[in-house]
Amino acid sequence: MLKELTVTSPAFRHNGFIPVKYTCDGDDVNPPLNVKGIPEGAKSLVLIVDDPDAPMGTWDHWIVWNINPVEVIQENSVPGTEGLNDSRTRSYTGPCPPSGTHRYFFKVYALDEKLDLKTNSRKKDVENAIKGHVLAKGETVGLYKRR
């Protein structure tokens, strides 16, 4: 049975608003995340940040794999190998919705292995690679609306 990770951020509450600092209207750096409940035997973490409310379909903001199985992902960090997001960059790109309030899902997966992927890999590549290797998963959701 899949275990559940508890993913939180000291910067915002679950379903609360993400501070401007972590968006395109601020410093555009990743917020800090805390991950509790990492199972023994976890070899790496995967982090996917996406926005299902984007006008053209889900927008991928950050794809990171081979993160050491640690309980804290630091603010403004590169915790592992970054893949290509939908801005075609290998970095975090913060919330920047064209209109309305959008939801941003910070999804963390604990794996029983490290991934052997090219750095131009995208979310679908990572999702395919983790099949059968997820020991636990969890998420937190932040909201953002531009002023």
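Val7 has Val35 of strand 4 as its bridge partner. Those two residues sit in a pairing of strand 2 with strand 4, antiparallel, over three bridges. By pairing I mean that DSSP finds at least two bridges between two strands. Strands, and helices too, are DSSP runs numbered from the N terminus: E of at least two residues for a strand, H or I of at least four for a helix.

Before I go on, two notes on the source. This is a predicted model, where local features need pLDDT of at least 70, side-chain atom pairs count only at pLDDT 80 or more, and totals for chains, interfaces and linings use all residues. Residues are numbered from 1 along each chain as its sequence is written, and side-chain values use heavy atoms, with hydrogens and water left out.

Back to the strands. Strands 2, 4 and 7 make an open sheet in the order 2-4-7, with antiparallel pairing. Its edge strands are strand 2, residues 6–8, and strand 7, residues 72–73, each of which pairs on one side only.

Now the whole protein. There are 10 strands and one helix, and the pattern along the sequence reads β-β-β-β-β-β-β-β-β-α-β. The C-alpha trace spans about 45 × 30 × 25 Å along its principal axes. The radius of gyration is 14 Å, which agrees with the value near 15 Å for a compact globule of 147 residues. That radius is taken over C-alpha atoms, and the globule rule is 2.2 Å times the number of residues to the power 0.38.

As for burial, 45% of the 147 residues count as buried. The cut-offs on relative accessible area are under 20% for buried, over 50% for exposed, and partly exposed in between, with a 1.4 Å probe and protein chains only. The protein exposes about 7600 Å², and carbon and sulfur atoms supply 48% of that area. Areas come from the Shrake-Rupley method with a 1.4 Å probe; for residues, only the protein chains shown count as cover.

On contacts, meaning heavy atoms within 4.5 Å, consider pairs at least 6 apart in sequence: 70% of these join residues at least 24 apart.

Next, strand 9. How many of the 10 residues of strand 9 are buried? Nine are, so strand 9, residues 102–111, is largely enclosed by the rest of the structure. Strand 5, residues 44–51, runs antiparallel to strand 9 and is joined to it by seven bridges. Within that pairing, Ile48 is matched with Lys107 of strand 9. Strand 9 also pairs with strand 10, residues 134–144, in the antiparallel sense over 10 bridges. There, Val108 has Gly138 of strand 10 as its bridge partner.

Strand 9 also takes part in an aromatic pair. A search of the whole structure finds two such pairs. Rings of Phe, Tyr and Trp (its six-membered ring) pair if their centres lie within 6.5 Å; planes under 30 degrees apart count as stacked, over 60 as edge-to-face, and the rest as tilted. Phe12 and Phe106 form a tilted pair, 5.6 Å centre to centre with 45° between the planes. Phe12 is in the loop between strand 2 and strand 3 and Phe106 in strand 9, 94 residues apart. Phe12 is buried at 6% relative accessibility, and Phe106 is buried at 1%.

The other pair is Trp62 with Tyr92, edge-to-face, 5.4 Å centre to centre and 80° between the planes. Trp62 lies in strand 6, residues 59–67, and Tyr92 in the loop between strand 8 and strand 9, 30 residues apart. Trp62 has a relative accessible area of 1% and is buried; Tyr92, at 8%, is buried as well.

Then the sulfur atoms. Taking a disulfide as a pair of cysteine sulfur atoms within 2.5 Å, the count comes to one. The bond is between Cys24 and Cys96, with the sulfur atoms 2.1 Å apart. Its S-S torsion is about 80°, so the disulfide is right-handed. Cys24 lies in the loop between strand 3 and strand 4, and Cys96 in the loop between strand 8 and strand 9, so the pair ties together parts that are 72 residues apart in sequence. Cys24 is partly exposed at 28% relative accessibility, and Cys96 is partly exposed at 34%.

Last, the backbone. Most residues other than glycine have a negative phi. Asn66 has a positive phi, near 55°. Asn66 is in strand 6 and counts as buried at 17% relative accessibility. Arg88 also has a positive phi, of about 60°, although it is not a glycine. Arg88 is placed in the loop between strand 8 and strand 9 and counts as exposed at 64% relative accessibility.
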